[in-house]
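Student: I am new to this structure and would like a close look at a single part. Please pick one loop residue with an unusual backbone angle, and then show how it compares with other spots in the chain.

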Amino acid sequence: MRNFITLIVILLFTVYSVNAQENTNNNKFKQLKQELATPNVYRTASGAPGHEYWQQKANYKIAIVLDDTKQQIHGEETITYENQSPDVLKYLWLQMDQNMRAKESDTYKTQTSKLSERVTFSQLKRMNHEFDGGFNLEEVKDENGNDLHFTVNKTMMRIDLPNQLEPGSSVTFSVKWWYNINDRMKDGGRSGYEYFEDEDNYLYTIAQFYPRMAVYNEVEGWQNKQFLGTGEFTLPFGDFEVSLTVPADHIVGATGILQNSDDVLTSKQIKLFNKAKSADSPVIIVSQDEAEKAEKNKSTKTKTWIFKAEFVRDFAFASSRKFIWDAMGVKFGDRTVMAMSYYPKEGNPLWEQYSTKVVAHTIKTYSKFTFDYPYPVAISVHTDRIGMEYPMICFNGGRPEKDGTYSKWAKYGLIGVITHEVGHNFFPMIVNSDERQWTWMDEGLNTFCQYLTEQEWERDYPSRAGAAYKIVNYMKGDVSYISPIMTNSESVWNLGSNAYSKPTTALNILRETVMGRELFDFAFKEYAQRWMFKHPTPADFFRTMEDASAVDLDWFWRGWFFTTDHVDISMKKVSWYQPNTQNPDIEKPIAKEEREGKVAISEIRNKTAIEKTVNEKDPATEDFYSTYDPYEVTEADREAYNKIIADLSDDEQKYLTEDYNFYQIDFENIGGLVMPIILQFEFEDGSKEVQYIPAEIWRKDNFNVSKVFMFNKKVSNITLDPFFETADTDLNNNSWPAKIQPSRFKLYKSKYSGRRGIISGSNPMKDAQKKVEK
C-alpha cells in the first residue's frame, strides 16, 4: 500500500512538472527579470552606479630587480589596502597568478590532451611541464615587520589580519618574493621573455609579476575564483610607485610616468622626448643604430627606473637593450598624451612606419565613442606572437620577414593587434569589468571599438570581426561546441568567436540595424562614462543601453547573449493578390483568359478521341445555356457595378480603380533568434524599395508571422536581408523567386592552404622585390 501511494505521488508530481513547463513563459520577448540581479542602492535599475556605490582601493610601492643572467624577477612590495566598503573584513585575498606556472598547477592538471599518429616535440614538452614559474614567497609582514599568517591556495593567497579591518580604515603590509621568468616562445604566456639566440640577448615583457589584491565588492564578495589561464584579471584601482632595477643599457617602458629621467636617460634622449610632445609624426628617441650597439656591448652595470601611476588597476613593464624607441604627442584639450612604441630591429620596417601612429589613432578614435583618454601615456611594445594589454602599455606581435618584406596579413595583423591592445585601456583598464567572470565584457566591447577604429584607419579595412556575415559560420556550427556569450570565462567553447567576434557582431547589429547609430552611440558612450574607473556588471551594461535609448532590448540580450540560437529567417511562402475591381468590363475578360488558359489533358485528348458528342448529333438537346457565354458583359452587370461605385468614397474607389498589387509573405523563424525583417523589393520597372520591420513583429508568435505589402506596381524580386545585416545563416530561403546560393570547392594536387584564392602567409612584396632584382 505504501509503495502504491508513493507511485501515485510520483505520477502526480510528474504531471505537475510537465504542466508547469508547458505553462512557463518561453516567449523570446519575456523581460530579463530573473536573469539579472535585483537593482539596489549600489546599482540602479537604470544601469547607473547607485547613490551608495562603493569600491575598494589598493596602493602599491614595489621594488623589482630583473636578473638578466638567471632570467628571474626578485621583488618586494608594500600594499596599503583601503576598506571603503560598509563591511568588516577579517582577511584579505591576493591574486598569485604566476602560480599558474607552478609545476603542480591546476592549469596543467586540467588541460585535456589526445595523441594522434603525428605529435610534435613542442606538444610533448607542453604535456611534460618541466618549467617551474610559480611565486616563491620569502616573507609576508605587517607594517611593523611582524610576520602575518597567510595561506596560499593555488593562485590565491589569504592573509589573516591580526585585527579586523573596519569600514573606512586601511591596513598596510609587505610581501617579498621571486620567480623564474618563462620563455614565452617555448612555454607561451601573457608575460615572459623572448630570447634572441644569435646575439644572446633577451627582450622582457613582464606582467602579473607581483601579488595583487583581489576585488571585494557587493556582487561577488571576494572575487577569488582560481586562475586557470583563460579568465583574466579582476583588480581594484590604486596608485603605484614602482622602481625597476635592470641592466644599465636597457631601455624600459612601463605603466605610468618616469620619475627620474635625468638618472636613466641621456640629455639627447630627454631633448628628443620633449621634441616628440609637439611633433606631428613619431620622433625617434633611441635609434636602430644605438640599439644595435647596445646589443653587442652588453653592460654589466644596472640602473633603476622609477615610475608612478595614479588610479590604475595594474602595472606592467618591458625591458631590453634591443629597444628602438619612438614617440609623438596626442592633444586632448590642454593635455598632451604621449603615444610611444618600443621595438627591436626585427620589427622594422613595419613598426617604425605604423606602431606609434596606430597608437595615436586608437586613443583618439576610442575617445570619440567613449571618453577622452585620461592617462598620460599609451605604449605599444613589440615582441613576437603576442597580444596582451595592461594600463598604458601593451605587448604586440606582428613581425616582417628577415629581409624586411611582409605579407598583407602581417601588416593588417600588426595594425589590428595594436589597435585592439591599446584599446583595452578603455575596456577593462578604465571601465573595469570582472574579466575572471565575463571575458566578453572587455574583449567583446573592445573588439567592437576596434572594428570602428579600423574602419576609420582605411576604407574597406579587412577587419576580422564586425560585419554580420563574418560570424555566420560560427553561428551555424555544431551547438555542442558553442556556448552562450553569458558563460564564465573558463568554461567557454571557442573563446575567440564566443567572447570577441559574436559580441562585436551583436553590437554592430544593434548600431546599424536595431537602434541606429545616433541612439546606439549615445547609449554606448553613456555606459562608458557612467562606469569609467568603476566595476560594471553585464546587467549594468544591458540596462544602460536601454535606459539611454528608450529601446527595449531584452529580446536582443536574451537571444544573442543568453542562448546559442542563430538567425535563419525564411520567406516560407509569397502570395500575390490583386483586388477584384468588380468592373465587369475588366474582370470578365480576365476570368475568361484564366479559364481558357487552363485546359485539362482530358479535354485535349477528347477532341480527337470523341468523334461527336450527343448535342452535336442531336440539336434538340441544346438550350440557352448550350451557347451562353458567362464572360460576356451585360448591361445588368454594368448597372450593378455602377451601383457599387456610387456607394464608395473617393478613397475607397481608388482601391478598385487603381492598379494595386498585394503580396502576403509568410515568414518562419527557423534558427530561433528573433531579428528585424529587412526586405528589398525590386519592381518590374527596375526600381527598388527597402522596408525595415522591427523585431517586435515576432512578439506574439516567435516562429511564424505573415505580413501583407501593397504596391501600385508589380514586384519582380524580393530579397530578405539584402545587405547581410542580421547574420542569417541560410540565404537559400531569402529570395523570391527562389535563388540557390552557390558553394565553391577547391581541387588539390598538392598540399595547399588558402582563403579565397590567396595562399595563407603569401608575401607579394617579396615576390615583387625578386622580380625587380631579376
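Tutor: Start with Ala-550, which sits in the loop between α14 (538-547) and α15 (554-562). The model is a predicted one. Although Ala-550 is not a glycine, its phi is positive, at about 60 degrees. Is Ala-550 buried or exposed? Its relative accessibility is 75%, so Ala-550 counts as exposed, the cut-off for that word being over 50%.

Ala-727 makes a useful partner to read beside it. This residue also is not a glycine and has a positive phi, of about 65 degrees. Its place is the loop between β29 (715-720) and β30. Here the relative accessibility is 2%, and Ala-727 therefore counts as buried, since buried means under 20%.

A positive phi is found in a hairpin as well. Strands β22 (residues 387-390) and β23 (residues 393-396) run antiparallel and are joined by 4 bridges. Across this pairing, Met-388 faces Phe-395 of β23. The hairpin has 2 residues between its strands, and Met-392 has a positive phi near 70 degrees.

Other loops hold a cis peptide bond. One links Phe-427 to Pro-428, with omega near 15 degrees; Pro-428 belongs to the loop between α9 (408-423) and α10 (440-457). Another runs from Trp-736 to Pro-737, with omega near -5 degrees. Pro-737 is in the loop between β30 (735-736) and β31 (754-755).

For strands beyond the hairpin, look at the open sheet of 4 strands in the order β5-β6-β3-β10, with antiparallel pairing. Its edge strands are β5 (149-153) and β10 (212-213), each of which pairs on one side only. Between β5 and β6 (residues 156-165) there are 5 bridges, and Thr-151 has Arg-158 in β6 as its bridge partner.

Last, the surface. Leu-115, Val-119, Phe-121, Leu-124 and Met-127 make a nonpolar patch of about 530 Å². Of these, Leu-124 is in helix α3 (residues 121-128) and is partly exposed, with a relative accessible area of 43%. A negative patch is formed by Glu-616, Asp-618, Glu-622 and Asp-623. Glu-616 lies in helix α18 (residues 614-617), and its relative accessible area of 48% makes it partly exposed.

Key:
Residues are numbered from 1 along each chain as its sequence is written. This is a predicted model: local features need pLDDT of at least 70, side-chain atom pairs count only at pLDDT 80 or more; totals for chains, interfaces and linings use all residues. Side-chain values use heavy atoms; hydrogens and water are left out. Patches are made of residues with over 30% relative accessible area and no salt bridge: like charges are joined within 9 Å, nonpolar side chains (Val, Leu, Ile, Met, Phe, Trp, Tyr) within 5 Å. Accessible areas come from the Shrake-Rupley method with a 1.4 Å probe; for residues, only the protein chains shown count as cover. A salt bridge is a side-chain nitrogen of Lys or Arg within 4 Å of a carboxyl oxygen of Asp or Glu. Lys and Arg count as positive and Asp and Glu as negative; His and the chain ends are not counted. The place of a charge is taken as NZ of Lys, CZ of Arg, CG of Asp or CD of Glu. Buried means under 20% relative accessible area, exposed over 50%, partly exposed in between (1.4 Å probe, protein chains only). Two strands pair if DSSP finds at least two bridges between them.
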